Amino acid sequence: MTSIEYEPEELSGNRFTVTGFRDAGLPVGEFLADELWPDVQDGAVWLDRGTQTRRHCYWLRYRYQGPGPGHRKLVAVELVVRFSTFPYRARPGTDRYSPRSAPPVPGLWGIEDLSISLRDTGAGGRNPFNKFNDAGHLAFTPTIVFAPAAGTGAVVPAIRVEHRVRHVANPILGPGYAPGHEETGALTVHSDGGITLEPASGTSGGSSWRLVPVSGAVHDRPIVGAEPPPGRSLTVYQATGVTVPPPVTAMRVLTGRARRGAVEVQGFERVASPEQIEVWHTDHPRWYRASLGVDIRDDGMIVEYARPGDRDDDRRAGRVRARLALRLRTCSYLVTQNEFADAVVYHHGRRHPGFVDVSLRPLPDDPDPSGAAARTGPVGSRLRFVPEWYDGTDGDLPGLLVRWSEETVASAAASGAPVGGTFLITVDASGGPVVRFGDPQTYQHLTVLS
């Protein structure tokens, strides 16, 4: 194993502490191949960073529950794992110590900006799905390892993130209820965008880990040839007016995902902006046509929906909790000015959003931790998310407006006030996607982990 530079990040400071990190990665910039993995590559080969970047996001959950069925959940930690992959580019070179100049592994890729974060982004600046009812700590430590690449079997560098967990025994509750727990384990981040989760080892207990991809995709580490020619120069087109046709929704997703078999969740996928829009400036006498660019950015978020039960005697019995993955692929709109330059469309001081592919897909439901079979009763309600285009107002950017609602289906379902609201998907100053809640019910029931 090889040490790695990173920035530790204390994510919580109450009874159960969580320590993550940020800015971990493999070497970036010009360096000798044998600095990355000695005795494998010739030091005469120089490597530097290629121009491609692929972003990846995963949702990671650690859960610990007292031993035995029916015991309460003591700790539930939900984290976001983010990183980027990039190709290494080799250039010929020799030094006085080595007459050889062996090429590096074909399709060699690297990892950068690796972070494990706990984000409190829910209503009121909190995340209601992180629960710390036990004393202890969880810490992550990254190191460089070497693993065979899928398909070729060539040994390539990866980052192994070891986790250490300790739960302090609670003598008040007794050894049979809170005996304490210790374990170690790891997940390995590969340069093709994949993550493998290793089984934890240590004192047996009610702990579990779950890893779910949110955005990005595992790739085949394509071989990078010669660097592409310099791109066209970019300027800025400050539009005072934009005409945008409605977005395209290729299909909807209706999944029979339910909490205790009572709720179906309907999301959507393949929502895209039109290929072209029309823009103008009040100082210019003509319209211009702008097209989607090639600067595609891949981002992802987790959307959580929660509603307590309606029954006065047991509010937990009728509660609803749903988790969805929001994937966003965005880019800029460009106005072709001449054969050498394009102009990025700005509107109200920010980039006009271009959506290549937006989807909101329900994640598989969690099994009952007690091992009991899920109830298979009739569907009582449907949770729907329906996208539409929002033109924006003066001083405000347009975007995708998502209307959500939970509607009663079965007459036997618990009655109550209608639940529903809206949130807007748009972009920030850098062109990255942001989600803005539009009403009190959305603030009350939705949480976005970004």
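**Exercise 1.** Which strands each supply at least two residues of the lining of the second largest pocket? Describe the pocket as well.

*Solution.* The model is a predicted one.

Step 1. Find the strands. At least two lining residues come from each of β5 (54-65), β15 (233-239) and β24 (341-347).

Step 2. Look at the lining as a whole. It is made up of 21 residues, and those nearest the centre of the pocket are Leu-234, Gly-293, Val-294, Asp-295 and Ile-296.

Step 3. Sort the lining by class. The second largest pocket has 8 nonpolar, 6 polar and 7 charged residues in its lining.

Step 4. Give the volume. The space in the second largest pocket is about 520 Å³.

**Exercise 2.** Locate the salt bridge between Arg-323 and Glu-78, and decide whether each partner is buried or exposed.

*Solution.* Step 1. Check the distance. The closest N and O atoms of Arg-323 and Glu-78 are 3.0 Å apart, and the cut-off for a salt bridge is 4 Å.

Step 2. Place the partners along the chain. Arg-323 belongs to strand β22 (residues 320-331) and Glu-78 to strand β6 (residues 73-91), so that the pair links distant parts of the chain, 245 residues apart.

Step 3. Apply the accessibility limit, which for buried residues is under 20%. Arg-323 has a relative accessibility of 5% and therefore counts as buried. Glu-78 is also buried, because its relative accessible area is 4%.

**Exercise 3.** Treat the pair Arg-160 and Glu-198 in the same manner, then turn to Asp-298 and Arg-329.

*Solution.* Step 1. Begin with Arg-160 and Glu-198. They form a salt bridge in which the closest N and O atoms lie 2.9 Å apart. Arg-160 sits in strand β10 (residues 155-167), while Glu-198 sits in the loop between β12 (195-197) and β13 (201-202); the two are 38 residues apart.

Step 2. Compare their accessibility. Arg-160 is buried at a relative accessible area of 18%, whereas Glu-198, at 27%, counts as partly exposed.

Step 3. Go on to the other pair. Asp-298 and Arg-329 meet in a salt bridge through their side chains, at 3.9 Å from N to O. Asp-298 is in strand β21 (residues 297-307) and Arg-329 is in strand β22, 31 residues apart.

Step 4. Classify these two. Asp-298 is buried, with a relative accessible area of 14%, and Arg-329 is partly exposed, with 25%.

Step 5. Look for shared partners. Arg-160, Glu-162, Arg-164 and Glu-198 are joined into one network by salt bridges that share partners. The count of salt bridges comes to 19.

**Exercise 4.** How many disulfides does the count give? Classify Cys-57 and Cys-331 by accessibility.

*Solution.* Step 1. Recall the bond in question. A disulfide joins the sulfur atoms of two cysteines covalently.

Step 2. Read the count. It comes to 0 disulfides.

Step 3. Classify the two cysteines. Cys-57 counts as buried at 2% relative accessibility, and Cys-331 counts as buried at 9%.

**Exercise 5.** Where does Asp-396 lie, and which residues is it in contact with, leaving aside its neighbours within four places in sequence?

*Solution.* Step 1. Place the residue. Asp-396 is found in the loop between β27 (381-390) and β28 (399-408).

Step 2. State its accessibility. At 13%, Asp-396 counts as buried.

Step 3. List the contacts. Apart from neighbours within four places in sequence, Asp-396 is in contact with His-348, Arg-350, Tyr-390 and Arg-436.

Step 4. Add a distance. Between the C-alpha atoms of Asp-396 and Gly-349 there are 9.2 Å, and the two residues are 47 residues apart along the chain.

Technical notes. Residues are numbered from 1 along each chain as its sequence is written. This is a predicted model: local features need pLDDT of at least 70, side-chain atom pairs count only at pLDDT 80 or more; totals for chains, interfaces and linings use all residues. Side-chain values use heavy atoms; hydrogens and water are left out. Helices (H or I, at least four residues) and strands (E, at least two) are DSSP runs, numbered from the N terminus. Buried means under 20% relative accessible area, exposed over 50%, partly exposed in between (1.4 Å probe, protein chains only). A disulfide is a pair of cysteine sulfur atoms within 2.5 Å. On a 1 Å grid over the protein atoms alone, a cavity is a set of points where a 1.4 Å probe fits but cannot get out, and a pocket is an open set with protein on both sides within 12 Å along at least five of seven lines; lining residues have an atom within 4 Å of a point. Grid points are joined across faces, edges and corners, and a volume is the space filled by probe spheres set on the points. Ala, Val, Leu, Ile, Met, Phe, Trp, Tyr, Cys and Pro count as nonpolar, Asp, Glu, Lys and Arg as charged, and the others, Gly among them, as polar. Contact means heavy atoms within 4.5 Å.
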